[in-house]
Amino acid sequence: MNTENFTTPEIIEHGNEENKLSENNEFDFTEKIITENNLKISLFPSKRKKVRKINVVIEGGFNITNIQVIKDNCFKLLQYFDMLNITLKNITDIDLTGIQLLQVLNSSSEFMQKTISIESELSKDDKALIMSAGMMELVSKRK
């Protein structure tokens, strides 16, 4: 696979602390926004130290063009957080690869001890397409 055309995601951090593991192996960072192409991933970790929870808002293209960036970030976050709330919002394009990623997050044995909730704010057309494919439970499911 030729990777010359792929760009590194632009990372915009809010706050002055860098993303890092602290001495007790907790992922410590403030709010962060990752953008690439027409994709925006906003990360909002819980401010409570004892709760290992993060809210992830995905906006823009939830498609094959951006799926690797989304997958890498979700899998990385699941290493450090026990609860992952994913919200699909202002989605301009969704395809089968996005739905497949949601399926993996919901059914993979790697994540059985994790709490993953997926909510969506999709257009009528996208909802109708996903519903007719019998996959609506994936975009409005708590595991």
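**Strands β4 to β6, Asn-66 and helix α1**

Phe-44 has its bridge partner in β6, namely Asn-55. That bridge belongs to this predicted model, in which β5 and strand β6 (residues 53-62) run antiparallel and pair over seven bridges. On its other pairing, β5 meets strand β4 (residues 32-36), again in the antiparallel sense, over five bridges; here Thr-35 is matched with Lys-40 of β5. Strand β5 (residues 39-45) is mostly covered, with five of its seven residues buried. The hairpin of β4 and β5 leaves two residues between the strands, and Asn-37 in it adopts a positive phi near 50°.

That hairpin comes up again with Asn-66, a residue of the loop between β6 and α1. Asn-66 counts as buried because its relative accessible area is 1%, against a cut-off of under 20%. What does Asn-66 touch, leaving aside residues up to four places away in sequence? The list is Glu-36, Asn-37, Asn-38, Leu-39 and Gly-61. With Asn-38 there is also a side-chain polar contact of 3.1 Å. Glu-36 sits 30 residues away from Asn-66 along the chain, yet their C-alpha atoms are separated by 7.8 Å.

After the loop comes helix α1 (residues 67-80), whose 14 residues should span 20 Å at 1.5 Å a residue; the end C-alpha atoms are 21 Å apart, so the two figures agree. Its buried residues are Ile-67, Val-69, Ile-70, Asn-73, Cys-74, Leu-77, Leu-78 and Tyr-80. These cover an arc of only 160° around the axis, so they lie on the same side of α1. An α-helix has 3.6 residues a turn, so residues three or four places apart point the same way.

Methods. Residues numbered from 1 in each chain as written. Predicted model: local features only at pLDDT ≥ 70, side-chain atom pairs only at ≥ 80, totals over all residues. Heavy atoms only, no water. Helix = DSSP H or I, 4+ residues; strand = E, 2+ residues; numbered from the N terminus. Expected span 1.5 Å × (residues − 1). Buried < 20%, exposed > 50% of the residue type's maximum accessible area, 1.4 Å probe, protein only. Arc of directions from axis to C-beta. Pairing = 2+ DSSP bridges. Contact = heavy atoms within 4.5 Å. Polar contact = N/O pair within 3.5 Å; in protein donor to acceptor, adjacent residues only side chain to side chain.
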